[in-house]
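Visitor: I would like to know how the descriptive words for a model like this one are arrived at. Please take me through the reasoning.

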Amino acid sequence: AALRKAIGDLHPDARLELFAVMRIGQGDLAAGDWRRGLSEATSLGDASISDILADDIDLQSHLEKGLYALGSA
């Protein structure tokens, strides 16, 4: 419940970026595919993004990996 609230409290653009970082960390996108990740998030809609983020049981790990990949790019 706390995670859902924290995600919901983010600015919508921050949720888009968080989603893109998560997808990179999952290995579904390369760090260079940042715009594609944002586009994918936009097409899913804000409510879906929030649900996907909150339901990812490995969210912390995916975010760490995504941030690492972006920092290394």
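Guide: This is a predicted model. Helices α2 and α4 are oblique to each other.

Visitor: Why are α2 and α4 called oblique?

Guide: The axes of α2 (residues 12–25) and α4 (residues 46–55) cross at roughly 50 degrees. Angles under 35 degrees count as roughly parallel, and 65 to 115 as roughly perpendicular. The crossing falls in neither range, and α2 and α4 are therefore oblique. The crossing is also left-handed.

Visitor: Which residues of α2 and α4 meet?

Guide: On the α2 side they are P12, R15, L16, L18, F19 and M22, and these meet D46, I49, S50, I52 and L53 of α4. By type, the residues of this contact are eight nonpolar, one polar and two charged.

Visitor: What pattern does the protein chain follow along the sequence?

Guide: The pattern is α-α-α-α-α, with five helices and zero strands.

Visitor: What makes the protein chain as compact as a globular protein of that length?

Guide: For 73 residues the globule rule gives 11 Å. The radius of gyration of the chain is 11 Å, close to that value, so the chain counts as being as compact as a globular protein of that length. Along its principal axes, the C-alpha trace spans about 30 × 25 × 15 Å.

Visitor: What share of the residues counts as buried, and what does that word require?

Guide: Buried means under 20% relative accessible area. Of the 73 residues in the chain, 32% count as buried.

Visitor: What share of the contacts between residues at least 6 apart in sequence joins residues at least 24 apart?

Guide: Among those contacts, the share is 65%.

How values were computed. Residues are numbered from 1 along each chain as its sequence is written. This is a predicted model: local features need pLDDT of at least 70, side-chain atom pairs count only at pLDDT 80 or more; totals for chains, interfaces and linings use all residues. Side-chain values use heavy atoms; hydrogens and water are left out. Axes are lines fitted to C-alpha atoms, for helices over the stretch in contact, and angles run from 0 to 180 degrees between N-to-C directions. Helices (H or I, at least four residues) and strands (E, at least two) are DSSP runs, numbered from the N terminus. Angles under 35 degrees count as roughly parallel, over 145 as roughly antiparallel, 65 to 115 as roughly perpendicular and the rest as oblique. A crossing is left-handed if the near helix is turned anticlockwise from the far one by less than a right angle, and right-handed if clockwise. Contact means heavy atoms within 4.5 Å. Ala, Val, Leu, Ile, Met, Phe, Trp, Tyr, Cys and Pro count as nonpolar, Asp, Glu, Lys and Arg as charged, and the others, Gly among them, as polar. The radius of gyration is taken over C-alpha atoms; the globule rule is 2.2 Å times the number of residues to the power 0.38. Buried means under 20% relative accessible area, exposed over 50%, partly exposed in between (1.4 Å probe, protein chains only).
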